[in-house]
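Here are my notes for your read-through. Please keep the structure open beside you as you go.

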Amino acid sequence: MNRLPSALRRALCSAGCAALLAGCAGVATAPAAADRGAATAAAISVPAIARPSGETPAWWFRAGAAQAAAASAQAQAGGQRAKNVIVFLGDGMSLPTIAAAHILAGQRAGVDGESYRLSFEQFPFSALSRTYETDQQTPDSAGTMTAIMTGVKTRAGYIGVSQVPRRDDCAGSRGQELVTTLELAAAAGMSTGAVTTTRITHATPAATYGHLPERNWEVDAELTPEAKAQGCKDFAAQLVDFPGGGLTVAMGGGRTEFLPAGAADPEHATAVGRRLDGRNLVAEWTARHPQGRYVWNQHQLDALDLAHTPQLLGLFEPSHMHYEHERLHDAAGEPSLAQMTTAAITVLRQNPNGFFLMVEGGRIDHALHAGNAFRALDETIAFAEAVKAAQAATDPADTLIVVTADHSHTMTFAGYPRRGNPILGKVQGHTSSYDEGSTPGNAPDATGLPYTTLGFASGPGYTGASDRQSEGPKHYPHAPNHISPATQGRPNLTDVDTTDPDYLQEATVPLKAETHGGEDVAIFANGPGAAAFHGELEQNAIFHIIVQHTPRLRTELCQLGSCNAAGVPVERPLYSRWLQQEQQGR
């Protein structure tokens, strides 16, 4: 796996790449390093610049670099170097979700849940991440993951594009594409991978390789006529057409986005391809990677000699992959997130130059939107198992592992349940608050009714009648179109099994789907540079800490004209239409 051809750098660094934005003009570009692996990792100094009116993309990049440098200096982590980087993204994994998940995991293991720790909670360094976007207090997955992957905050709904254009404005997004960590890694000769339990074209994985001002353009059938006329390309096509030979590993769901309209799915008779351009992207990928392997079920994945597989594409469902709770019932067999993570690392670590891998526990978010705490916690536990698998397959001396979330949710952790209370159960207290030896019983609300420890501030668990379910406790799945006010007050949960996997926790505000939350989320880190993750960081600083502690990434960023004379990345690299240029050069 030699260094990728210079065509990729030319594509990334097209006309105007080295030009500096007005807010950061006058900074010189560092010369290329003769030996990329020996790039300096000396302590970094990035003077902060004043916050401008309008918070330009250039300012976001510079501010993130300055915060990362300050965090590294405070932690004395400036000299630490990473060969490999793994970013684990628990989509929607709020702090209450983590706390409830570790309690459930401990209770399942028959030990004290309150003091139990998930794999990533045992990491030595942690921080908080501010998740707001440039236009929203409560963010979405597109803008937040773009911040994590590019070092620049942007608007909700934007993937790999700055805040400058209007949403859905294909032409206006040209020249506003943001260089991602995965692209830097590919250009630097590292192996690259994206693994998810959602469609591989969904917002989080797409933000590692894609650039569009609309997160929903996963397949060409979703593009507007204007976007098609202006040459915008959907995320499935961008993944397959990725410059330099494409991602080394891509695994998740979303087969229908890669198959031509009407083409039969290999697993489900009711699922057919959605592409209107006639392209069979699976066939194209296979033709471009004759030594690579495409798989769509666990049996095929298990049969591979992964240590001698140069590229791997796995599309395990027509849409999103199953929740962990239903995964074992899949007739064709579907790998767990931990199994996919181990497989990806086995393929990626063949490259002596190192690798960059993003792993998403995407269905944590989906379960929270559905108002179903059981599946959300179950998915979080499975996500923690994937982190544990990555730890077992890598060396902490050369691999930086960062675990975080893109945003939070409105799941609440309330009441005064006794120690050891089932986390999915009803709040239980003692009959006498002064007698801990008394028999515990259901703690009543102000009306005398029992209630659960976990609930939601909004969502489909609202107890009024809907067009799908009658008034009272709700059960998964529940996505109502019409909801009526509750006329009988809260339901009596005395005889309701709230630990049932399909029970929906009550929601205060009636909505078809529960919403994201706007508070900070956690960051956990281990490996070279991990000590820089401390305190409260702007979300876009995650990119900068990673790059500043990974010599190949840092040197590649300098090659794109974004470093000062000391070799410090301080300027947002510009490249215009690099995807189109690379495609035209095939």
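The points below go through a few strands, one helix and some single residues.

1. A word on the basis: this is a predicted model, in which local features need pLDDT of at least 70 and side-chain atom pairs count only at pLDDT 80 or more, while totals for chains, interfaces and linings use all residues. Residues are numbered from 1 along each chain as its sequence is written, and side-chain values use heavy atoms, with hydrogens and water left out.

2. Start with β7 (355-361); strands here are DSSP runs of E with at least two residues, helices are runs of H or I with at least four, and both are numbered from the N terminus. Seven of the seven residues of β7 are buried, meaning under 20% relative accessible area (exposed is over 50%, partly exposed in between, with a 1.4 Å probe and protein chains only). On one side sit Phe 355, Leu 357, Val 359 and Gly 361, and on the other Phe 356, Met 358 and Glu 360.

3. Now look at the partners of β7. Strands pair if DSSP finds at least two bridges between them. Strand β1 (residues 84-90) runs parallel to β7, joined by six bridges, and β3 (residues 191-199) also pairs with β7 in the parallel sense over six bridges. Find Val 359: Phe 88 has it as bridge partner, and so does Val 195.

4. Just before β7, Asn 351 lies in the loop that follows α12 (337-348). Is Asn 351 buried or exposed? Asn 351 counts as buried because its relative accessibility is 3%. Its side chain makes a polar contact with the side chain of Ser 191, at 3.2 Å. Such a contact is a pair of N or O atoms within 3.5 Å; within protein, one must be able to donate a hydrogen and the other to accept it, and residues adjacent in sequence count only if both atoms are side-chain atoms.

5. Another sheet is open, with three strands in the order β10-β13-β16 and mixed pairing. Its edge strands, β10 (411-413) and β16 (507-510), each pair on one side only. Strand β13 (residues 454-459) runs parallel to β16, with three bridges; one bridge pair is Gly 459 and Pro 510.

6. Finally, two backbone details. Most residues other than glycine have a negative phi, and most peptide bonds are trans. Asp 168 has a positive phi, near 75°, and is found in the loop between α4 (141-150) and α5 (181-187). Tyr 476 and Pro 477 are joined by a cis peptide bond, with omega about -5°.
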